[in-house]
Amino acid sequence: MRARVGPGPLRDLKDLLYEVYLAAGSPTLDEIAADIESDDGLSGAPSRDSVHRCLSSPQLPVQQGDAVAVASVLARRAAWDRDDLTIRVRDLWLQVRMARPAGQPIAEYTNPFTLEVHRAIEAAATGEDPLPVLPAYVAREHDERLRQVVTEAADGESRLLVLVGGSSTGKTRACWEAVQKLPRGWRLWHPIDPSRPDAALEEIAAAGPRTVMWLNEAQHYLLTAVDGLGERVAAGLRELLRDPQRAPVLVLGTVWTEYWRILTTPPQPGHPDLHAQARALLTGHELPVPSAFTDDDLVALHERAEGDPRLAHAAERAENRQITQYLAGAPALLERYHTASDAERALIDAAMDARRLGHSPALPHALLEAAAEGYLNDQQWDLLGEDWLEQALAYAVQPLRGARGPLTRIRPRRGEPKPNQPHYRLADYLVQHSREHRRTTPIPAALWDALLDYAPLAERTALAQAAQTRGLMRLAIRFYTDAAAAGDIDALGRAGALLGEAGRVDEALTWYERAADSGDAFALKRAGDLLRAARRSREAITWYERAADAGNAFASRWAAGLVHDAVPTSQVVHQVTGAGKTASRAEEAIEWLQDRAETGDTVALMQVIDLLHEAGRSEEAIGWLQDRAEAGDTVALVRAADLLEEAGRLDEAIGWLHGRVDSGDAVALVRVADLLEEAGRLDEALDCFERAADAGDTLALVRAAELLEEADRLEEALDWYDRAADAGFAFALRAGAVLLRQAGMPERAITWYRRAAETGDTVALLRAADLLRQTRHHDEALTCYQRAADAGNAEALLRGAQLLEHDNRAEEAIDWLQARAATDLGDTMAQAAALLAAEGHVEKAIAWYQYAADSGHALAVKKAAQLLKQTGRTEEAAGLQDRTAASTPLPRRQPVSLLQSEGGHEKAIAWARRAAGAGDSDSLRRVVWLLRDAGRGIEAEQLSRYGWEADGTITESWNAAPPNTGPIEREA
């Protein structure tokens, strides 16, 4: 009977009515309706059905008097204060009426462009009726999965799905089409003001059932310059999705592939985990959107094109089957850019580089004007007219066949704050184009100066990081200073880290002190790490003690491993004091840790256990754990069992856990199962895993299957893997397939791989194809390779082509690669070029090698030049190498020794300097090493401590004092 409602006054009202309903003895609806009918003093007279809606419906009662009447008669039955209750119900009812729910009805979104769907190219209508604002939609394979998720949400289940792909591939349009299928009553919420993450964080609590969260370009919500903001948004969305009182909600997002990788890739060991909440939110909820149409898609396109000339136009002219990109005006954008005058191109280049450095989409007029000057040489600058900027802007903002031009003036709507100067947005396709094709282009000093003068304060942290990765330390500190003054406390810690890495320890400590005074407790720990690395041990201990005193929540954060490079306080003391090296220092560390543990520091407790154990005092360690275990701490109980196991006291270890096993504790059950397995009691272990799975730890199913696999009990292992797959562990299907393949059962393995592929596992599809190829089922293998390739698996492209080539079907292999290669798959394009060359198609091969070079394939230019030389076109080969030398990125993993052998230290330094300009954060250290190796130690030391200037010179010494004095307040 209880209503399922999201947080807010409506939930408070429903909870209050339900509470008094229970206190009244849960009367029937007929009894409540009879009480109301017999009371002439009530302001409302709700019917039986209205009473039911008041108590159980997630909607607000239409009449305030109905809710008051129900509350009044229930208060009498429950012996509550009727006057007090009716006043509370009236107030809550009014709050709900006045509250603004998140979003607005989907039916009110009649203009798709307000939700950032791309405008399409224009074409003349063939009939009397005008064309609709959007071309006819061509549903593709990913639309079926999207439709399924939307249907599940409409049926009452909260769902999340993020469409992942390049710019202008149709992600937002697909979401627009999908939400049109939702039934009446659904709302759509598109948070953008005052900023996307701030709006999302503010209104998540207002989101209730039947709400679509529209997170177009999800990186703006989750990948924020201000540390913690995106993580708080992710945490809020996770809580929303798992809240049954607010179900169903549907979170739809879009994101470019590069941002998806940043948000979902775990950090390397020793690096902080900046996106733990976002990764937990997103992983497993991606829907790849291919950049190119498949054969089936093209058939459907031609069918729809009969009634829409825009589709016909795209079908005829789009290259590489990139239909949606053509519809969004991509060719016209590139044409407008490449045919621009010097001033016009300078303006667009400045916008592209500003976005590449991390500036938000809204680019101020003054910034573009000041920066564009740096993209013009002296002669170009002197020849400009007085109105050059106005003419360049007019060129850049002119629409292209109905779609946006390279730049678009941002016009505030009614009620939105008006900026003090015009702002412009760069076309999304050019943002992506610049990141692919300008990634090694140096950033002029004029743009950095313009960003310092005109970029909004909210942009400073992102710009500081861009400067830092390029070795521009002085500029980075200036940006961090501005960001801190604007209320970004995290900028203080980032600046401290930068200075610490440069060996400027004392300066770094002043920034960490300011950060700590401003509420950043993590800065204390980072200062301790810095001092420890500098071998200033006693000072490090002081900072670590301050960090530990910051509170248990902070210590818990380390213990949970959310900051992967953190060293727990207790362990640091153990290391810094040299515990373990001498008995006196070991005792000193143990005493210190015991004092910390007695204050409730759980991390210190675990460390003192380790030290006591290492010192041969396991019984003391077990005594400490026993107190915690008796208080209900399962972790302490399991740790005690570990110590007993290490001492060879296996039966005692099992006995320690016996009580928790009998009560069905899943953690204890799994640990006992491990102990039993170690003792060779496999069947007893399996029984514990079974009970653990029943208690909610479904991962126990996988563990049991692995044990059976190790015991060569094949069929039993497969049964457990099957159960694990049913419990949601899709990888168990692939594990079962591997087991069958190793057992020499390829046909059964293929069946399991195909089952795994049905869950979206493209690697399993690839493995199935490989097995089919090995068993000489080549046509079936090609089908699997094609499915995997269409799902975005680049390896499948190459293997499918290799299979065709092996079968002497070279022309088909070429068609295969040309039809499916996306613009970012340089290896695939190079493979296609090699096949073309082998078949004698030299011109096509050269073109494809050039495509591969543009996508970052290091050897493609050399291959193209070799082909040109073989055909006697030596000058063209030399010109090709010269033109691409300036834009070819430094191979990130190319050994320095190879660079040195090819051209000495100077060539290696030049390559590393170019890589730094592209944002390779390792390049500064690489150049420092090269300078030292070349005997230029003074330059190396100066570069290491002070970095570069934007013009490429090594910076002279500069002061890195933090802004002002005293703590700052975090920006609201």
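## Two small sheets, starting with the three-stranded one

Two strands count as paired when DSSP finds at least two bridges between them. With that in hand, take a look at Thr-408, which stands opposite Arg-425 in strand 9. Keep in mind throughout that this is a predicted model. Thr-408's strand 8 (residues 407-409) is joined to strand 9 by three bridges, and the two run antiparallel.

Strand 9 (residues 423-426) has another partner too: two bridges join it to strand 7 (residues 363-364), again antiparallel. Here Pro-364 stands opposite His-423 in strand 9. Put together, you get an open sheet of three strands in the order 7-9-8, with antiparallel pairing. Strand 7 and strand 8 are the edge strands, each pairing on one side only.

## The six-stranded sheet

The other sheet to look at is an open one with six strands, ordered 1-3-4-5-2-6, and its pairing is mixed. Which strands stand at the edges? Strand 1 (104-105) and strand 6 (286-288) do; each has a single partner strand, so one side of each is left without a neighbour in the sheet. As a quick reminder, strands of a sheet pair through backbone hydrogen bonds, either parallel or antiparallel.

Strand 4 (residues 211-215) and strand 5 (residues 249-255) show the parallel sense, pairing over five bridges. If you want a spot to zoom in on, Leu-215 has Gly-253 in strand 5 as its bridge partner. Helix 6 (residues 141-154) packs on this sheet and touches strand 2 (159-164), strand 5 and strand 6. The direction of helix 6 makes about 160° with that of strand 2. Helix 10 (residues 229-242) packs on the sheet as well, touching strand 2, strand 4 and strand 5, and its direction makes about 145° with that of strand 5.

## Backbone oddities

Most residues other than glycine have a negative phi, and most peptide bonds are trans. A few spots here go the other way. The peptide bond from Ala-247 to Pro-248 is cis, with omega near 0°. You'll find Pro-248 in the loop between helix 10 and strand 5.

Then there are the positive phi values. Glu-116 is not a glycine, yet its phi is about 75°; Glu-116 lies in the loop between strand 1 and helix 6. Is Glu-116 buried, partly exposed or exposed? Its relative accessibility is 22%, so Glu-116 counts as partly exposed, since the buried class stops under 20%. Asp-712 has a positive phi too, near 60°, and sits in the loop between helix 38 (699-710) and helix 39 (714-726). Asp-712 has a relative accessible area of 69% and is therefore exposed.

## Helix 27

How does the length of helix 27 (residues 522-533) check out? At 1.5 Å a residue, its twelve residues should span 16 Å, and the end C-alpha atoms are 17 Å apart, which agrees. The expected figure uses one less than the number of residues, because that is how the span is defined.

Helix 27 is also mostly covered, with nine of its twelve residues buried. Among them are Phe-522, Leu-524, Leu-530 and Leu-531, but also the charged-type names Lys-525 and Asp-529. After the helix comes Arg-535, whose phi is positive, near 65°.

## Aromatic rings and their company

Searching the whole structure turns up four aromatic pairs. One of them is Trp-256 with Tyr-259: the ring centres are 6.1 Å apart and the planes are at 20°, so this pair is stacked. Trp-256 is buried, with a relative accessible area of 8%, and Tyr-259 counts as buried at 13% relative accessibility. Trp-448 and Phe-479 make a tilted pair, 6.3 Å centre to centre with 50° between the planes. Trp-448 lies in helix 22 (residues 445-454) and Phe-479 in helix 24 (residues 473-485), so the pair ties together parts that are 31 residues apart in sequence. Both Trp-448 and Phe-479 are buried.

Two arginines also sit over rings. Arg-504 lies over the face of Trp-958, at 4.2 Å from the ring centre. For Arg-723, the charged end sits over the ring of Trp-720, 4.7 Å from its centre.

Notes:
Residues are numbered from 1 along each chain as its sequence is written. This is a predicted model: local features need pLDDT of at least 70, side-chain atom pairs count only at pLDDT 80 or more; totals for chains, interfaces and linings use all residues. Side-chain values use heavy atoms; hydrogens and water are left out. Helices (H or I, at least four residues) and strands (E, at least two) are DSSP runs, numbered from the N terminus. Buried means under 20% relative accessible area, exposed over 50%, partly exposed in between (1.4 Å probe, protein chains only). Contact means heavy atoms within 4.5 Å. Axes are lines fitted to C-alpha atoms, for helices over the stretch in contact, and angles run from 0 to 180 degrees between N-to-C directions. Rings of Phe, Tyr and Trp (its six-membered ring) pair if their centres lie within 6.5 Å; planes under 30 degrees apart count as stacked, over 60 as edge-to-face and the rest as tilted. A charge sits over a ring if NZ of Lys or CZ of Arg is within 6 Å of the ring centre and within 35 degrees of the ring normal.
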